[in-house]
Amino acid sequence: MLQYVKSTLILLIIFMLVGCSLSSSGEEEKGGKELTLLFSFPTNTIDPHLDSNYTMVRAGVGETLVKISEQLEIEPWLAEEWESKDGQNWTFKIRKGITFHNGKKVDAQAVKASLERAIKDSPAVKAALKIRKMEADGQLLTIQTEGVFPQFPSELVHPNTAIIDVTEKDFDKKPIGTGPFKISSFEPGVALKVERFEKYWDGKVKLDKATFSFNEDANARLMALRSGDADIIFRPPVENLEQLKEEKVKVESVPGLRTHQLIFNMDSPYMKDGNIRKAIDALVDRKEIVEHILNGHAVEAKGPFLTDFPFAPSYEEKKGGIEVAKQYFTQAGFQLENGKLTKDGKSVRLKVLTYSSRPELPLTVQILQSKAKELGIEMTIQQVENIDEYLADNDDWDFATYSSLTAPRGDAAYFLNATYMPNGALNYANINHPELTAIIHQLNQTVEANERDKLAKEALKIIDKETLHSFIVHPNIMVAYRDEVKNWVTSKSEYYVLTKDLDVVK
């Protein structure tokens, strides 16, 4: 009898374990295809018109009227076609059959309302689009810009112009877009969870769910990939790339459209002097940064754009090093006394900003700090959490490390307008150079491609001559992902990450 009871108990335990296993398996099957992508920049808002990390578009929730191809050509997205006879009055035809995630129809009026909201809430969008007025009629949206603006459609590629339903609320946590995924939940600074939008206008979405997580620590991202907590990670540590390839992990390192740079604060008593800017630039050892910090996954920068772009000028070779920097400081009226660089008896003290989400930037500053010390310059490094917010809200710095997409639309105008026009979205340095402004203004009104390239080159020559920025390197886009991930595309623009075709086979 006792043996029977024991046997019965064992069978019950087995049945319970099998039942739990089946239940677990059923839940897993019900969960469908999921993946987790770990990005390097945290964000506290997913309001597409204000988020400088472009999370809505990157996570496949929001879409723009126009997108950029991997060949850097603009192509239709929510707008199926557009035209203008004079470069100022534009007509966009919005695709039929598109709905927002809440089921509401996307027509010209909805697009108009979304763009109006973006212009109202974002000075950067307002400055970039230069829209005078808009009118909606069915699926046709007519737009008049403030002046002749031939590259206007390319400005609509920018993720901050993503189209959302503005009749809804809670834009910073649950905006309603048109993309292949709709929002399940958002925890600021931690993760955005999305699920498939069953009625997506552009075909079947392969994934059921996805998590777009944030972690600034490259080593933490690496550990998450190795443990299986992440399927895709952006910017793995460069020193681990070769090792990852041996672990059945796919690694991509491709030339992108980004440039690491130094921004000089033109309101700083030091940085107003071009000789000091040239001196700091001379201390930048680009070869060392490419070879020893980025392990060869970058190219040295001569200007903001890769040299194979048609609007990139040929630059004269510059001499660098401590002796060259010393000469520029001497021209600025400084003396080297008792191992200290001084002027009017005062030592040079510089405050430099950097941030950890691009770990090569703090390392770059540390190299600069070491070289500056040899000149008797005291350089204080401050690491900030959100570089864009800090630069926009504070003026207590001399120069800063920064990284931006300089040609995300395959044209020079975006970067020149955003960075050097007095009201530009990226003009954190408060640059106001009348001659440069006039050239950029002329570029904005020029249609013919060769003439546009010529004007862009003129602008870039001024930037180089005046050392308005110090361009360091063009880093590769580096992504590591598990073998089960299918149809992944490392986008040159860095805009399109979670797509309808992205899949996972486990």
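K318 is partly exposed, with a relative accessible area of 48%. The model in which this residue sits is predicted. K318 forms a salt bridge with D464, and the closest N and O atoms of the pair lie 2.7 Å apart. This pair links distant parts of the chain, as 146 residues separate K318 from D464. K318 belongs to the loop between β14 (298-300) and α10 (322-331), while D464 belongs to helix α15. The relative accessible area of D464 is 18%, so D464 counts as buried, because buried means under 20%.

**Salt bridges**

Side chains of opposite charge can pair when their charged atoms come close. In this model the count of salt bridges comes to 25. Three of them, including the one just described, are set out here.

| Salt bridge | Closest N to O | Separation along the chain |
|---|---|---|
| K318 and D464 | 2.7 Å | 146 residues |
| D47 and R117 | 2.7 Å | 70 residues |
| K112 and E116 | 2.7 Å | 4 residues |

D47 and R117 are joined by a salt bridge with a closest N and O distance of 2.7 Å. This pair, too, links distant parts of the chain: D47 is in the loop between β1 (34-39) and α2 (55-58), and R117 is in helix α3 (residues 108-121). Both D47 and R117 are buried. The two residues also take part in a network, in which salt bridges that share partners join D47, R117, K120 and D121.

K112 and E116 meet through their side chains in a salt bridge, at 2.7 Å from N to O. They are 4 residues apart in helix α3, so about one helical turn separates them. K112 has a relative accessibility of 15% and therefore counts as buried. E116, with a relative accessible area of 36%, is partly exposed.

**The negative patch**

Where on the model do E435, E448, E451, E458 and E466 gather? They form a patch of negative charge on the surface. Which helix gives the largest share of this patch? Helix α15 (residues 449-466) does, with 3 residues.

One of the patch residues, E458, is found in helix α15. Its relative accessibility is 34%, so E458 counts as partly exposed. Helix α15 thus appears in both parts of this account: D464 in this helix pairs with K318 of a loop, and the helix supplies 3 residues to the negative patch.

Notes: Residues numbered from 1 in each chain as written. Predicted model: local features only at pLDDT ≥ 70, side-chain atom pairs only at ≥ 80, totals over all residues. Heavy atoms only, no water. Patch = residues over 30% accessible without salt bridge, like charges linked within 9 Å, V, L, I, M, F, W, Y side chains within 5 Å. Areas by Shrake-Rupley, 256 points an atom, 1.4 Å probe, with all protein chains shown as cover. Lys, Arg positive; Asp, Glu negative; His and termini not counted. Charge placed at Lys NZ, Arg CZ, Asp CG, Glu CD. Helix = DSSP H or I, 4+ residues; strand = E, 2+ residues; numbered from the N terminus. Buried < 20%, exposed > 50% of the residue type's maximum accessible area, 1.4 Å probe, protein only.
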